[in-house]
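Visitor: I would like a close look at a single part of this model, namely the surroundings of its ligands, and then a careful account of how some of the other elements are placed. Please take the ligand surroundings first and go slowly.

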Amino acid sequence: MEEMEMKRITIFDTTLRDGEQAPGFTMNLSEKVKIAKQLEKLGVDVIEAGFAIASPGDFNAIREISRNVGNVSVASLARTTKLDIDRAWEALQFAKKPRIHLFIATSDVHLKYKLKMTKDEALKSAVEAVRYAKRFFDDIEFSAEDAVRSDLGFLTEIFTAVIAEGAKTINIPDTVGYTTPDEYYAFIKTLKNQITNIENVNISVHCHNDLGFAVANSLAAINAGATQIECTINGIGERAGNAALEEIVMAIDTRKDYFNCYTNVDTKQIIKTSKLLQNITGVKVQPNKAIVGDNAFAHEAGIHQHGMLQERTTYEIMTPESVGLETSKIVLGKHSGRHAFIDRVKALGYVLDSTELETAYGAFIDLCDKKKEVYDADIDAILNKETTHIPEVVKLETFMIHSGKHIPATATISLVIDGNELTEASVGDGPVDASFKVIEKSVNKKIKLIDYKINAVSEGKDALGEAVVILKIDNKSYRGRGISTDVIEASINAYIEAVNKSYIELN
Ligand SMILES: CC(=O)SCCNC(=O)CCNC(=O)[C@H](O)C(C)(C)COP(=O)(O)OP(=O)(O)OC[C@H]1O[C@@H](n2cnc3c(N)ncnc32)[C@H](O)[C@@H]1OP(=O)(O)O
Ligand SMILES: CC(C)C(=O)C(=O)O
Ligand SMILES: [Mg+2]
């Protein structure tokens with residue numbers, strides 16, 4: 001049987017226009033440029049950079065983004081008026097691929113109460129606007145705002161007319177998030193059949209999430225023949241938001257077998273883009289948000305963790321790497337079982353016999369009743385109480401740090417290694433790095449620093465600092481923790497503890 005050719009879906013990102021329309025998501029010029037550059041890296045096809053006539057801020061953002069991105073199309077929204085079109089053209093002058101996105105509402109309720117126009121007047125306004133825009137723009141998109149609540153006959157008429165004038169993309173928005181997947185599918189199919197000059201025209205959809213259907217509706221539209229999806233990072237946008245880009249793209253990618261289409265998006269850039277937006281706006285996504293939430297690749301239940309430890313695909317339909325995460329997370333908590341607990345204990349470098357393991361697991365379960373999440377530090381605390389297995393092969397004698405402005409940081413450290421005193425010195429990028437380099441040199445092991453954190457564990461100027469490091473030694477991870485009022489000493493102690501764990505004979 002002949003295979004059907006995969007359809008290319010254009011991703012039109014409107015994070016900087018519709019996304020910014022949501023309360024609390026205003027971004028300044030440099031933030032918008034940063035997001036736009038990341039969207040380009042992500043591989044979207046169109047960046048809707050703003051609504052040029054709306055404000056000098058939007059105008060400047062469109063202009064700067066046009067200057068700063070390469071081969072991606074940059075769009076400005078515009079009402080069907082000459083003033084809006086002129087302003088959009090001015091803002092897009094430096095864009096390599098400028099697009100104007102014209103819109104006018106077509107539903108009876110919008111025409112009667114908002115625009116106070118008849119259908120004929122709206123049709124005339126749309127046609128004249130496309131005709132005028134054609135003087136400047138080759139790439140014209142026309143949206144019938146509130147299309148889903150509009151009369152199908154009138155929509156057919158207005159879309160046919162704007163295509164005849166030169167619109168290359170027609171957008172069929174569900175402006176108020178009202179439709180359902182089946183209904184939207186049928187709606188688009190009908191329009192496709194009724195618009196006689198639709199061949200070679202890009203059919204776009206733009207769905208809002210008022211009933212939580214934005215992504216499902218967008219995907220149903222693909223099956224009905226849509227070739228462009230308008231969406232936003234993290235699903236931000238008016239009211240309950242727009243269709244989330246990351247969900248659309250990963251659905252298309254994960255279910256190629258079902259949708260038989262693809263996008264140009266580099267899915268490995270998804271987390272980075274989502275986090276950038278969260279950091280810039282200060283609005284975090286909820287932990288259970290599909291694809292980009294903190295829990296999207298986290299497993300807490302014992303039965304799931306056991307499955308995951310045997311074979312990842314038991315509970316994951318996508319790899320964390322495919323969206324740009326390093327790994328999945330096995331979170332220890334009250335629902336975890338022995339398999340996950342033992343796995344973590346081993347990863348932390350402990351070797352326990354079965355009796356010690358049972359005792360430690362009992363202590364872990366008791367702790368889970370008191371704490372929502374059990375961290376590696378808690379397991380260290382349990383195990384340090386239960387066992388004294390970490391050998392003190394390396395001990396700190398003294399250390400001296402020399403650092404200051406324009407002076408390379410130097411650490412000189414005396415260690416006792418297997419009973420022999422050794423003093424070494426090293427320079428580094430700061431006193432902590434210099435100290436770690438000395439220890440690595442002294443113990444003569446190849447060590448990679450995977451993670452380093454420093455926290456205050458008490459208050460005041462004599463606060464105790466807690467340093468936690470994770471080291472990779474001989475392809476195994478070891479975690480070390482040190483506490484001192486001197487953060488350098490805490491860091492050295494943490495590093496030494498992790499190194500000492502690597503001397504445990506693993507069986
Ligand atoms: C579905 C969407 O997301 S559409 C995009 C919505 N985005 C925004 O509104 C954000 C940016 N908007 C703004 O900054 C302002 O609303 C502006 C600058 C665009 C307009 O501001 P104002 O001139 O003060 O008008 P205001 O916003 O109060 O009202 C909207 C006007 O646009 C008119 N209008 C709305 N859509 C269209 C259209 N497609 N074509 C022509 N006029 C339109 C309305 O009838 C109303 O006109 P009126 O002032 O003659 O009554
Ligand atoms: C401007 C249009 C496409 C819009 O944002 C909507 O209808 O929701
Ligand atoms: Mg919208």
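**Around the ligands**

Guide: The shell around ligand 1 divides into six nonpolar, five polar and five charged residues, and I should say at once that this is a predicted model. Of the 16 residues around ligand 1, the ones that come nearest are A54, R79, T80, I104 and L115. Two elements, β5 (98–105) and α4 (108–115), each give two or more residues to this shell.

The second ligand can be described in the like manner. Around ligand 2 stand D18, L77, F103, S143, E145, N171, P173, T175, H206 and H208, and the elements that contribute two or more residues to that shell are the strands β6 (139–145) and β7 (169–174). Sorted by class, the shell around ligand 2 holds three nonpolar, five polar and two charged residues.

From the ligands we can pass to the helices, beginning with α8. Helix α8 (residues 214–224) is largely enclosed by the rest of the structure, because eight of its 11 residues are buried. Those buried residues are A214, V215, N217, S218, L219, A220, A221 and I222. After α8 comes G225, a residue whose phi is positive, near 120 degrees.

A residue of another helix gives a further point of reference. E121 is found in helix α5 (residues 119–133), and E121 counts as partly exposed because 13 other C-beta atoms lie within 10 Å, where 12 or fewer would make a residue exposed and 20 or more would make it buried. E121 and T232 are 111 residues apart along the chain, and their C-alpha atoms are separated by 32 Å.

The last part of this account concerns a pair of packed helices. In general, such a pair is described by the angle between the axes and the distance between the axes. Helix α16 (residues 431–443) packs against helix α17 (residues 487–501) at an angle of about 30 degrees, with the axes 10 Å apart; since angles under 35 degrees count as roughly parallel, α16 and α17 are therefore roughly parallel to each other. The crossing of α16 and α17 is right-handed. On the side of α16 the contact is made by P431, V432, S435, F436, I439 and V443, and on the side of α17 by I488, S491, I492, Y495, I496 and V499. By class, this contact of α16 with α17 has 10 nonpolar, two polar and no charged residues. An α-helix has 3.6 residues a turn, so residues three or four places apart point the same way.

Conventions. Residues numbered from 1 in each chain as written. Chains lettered and ligands numbered in written order. Predicted model: local features only at pLDDT ≥ 70, side-chain atom pairs only at ≥ 80, totals over all residues. Near = placed C-beta within 6 Å. Helix = DSSP H or I, 4+ residues; strand = E, 2+ residues; numbered from the N terminus. Nonpolar A, V, L, I, M, F, W, Y, C, P; charged D, E, K, R; others polar. Axes fitted to C-alpha atoms, helices over the stretch in contact; angles between N-to-C directions. Parallel < 35°, antiparallel > 145°, perpendicular 65-115°, else oblique. Left-handed = near helix turned anticlockwise from the far one by under 90°. Contact = placed C-beta atoms within 7 Å.
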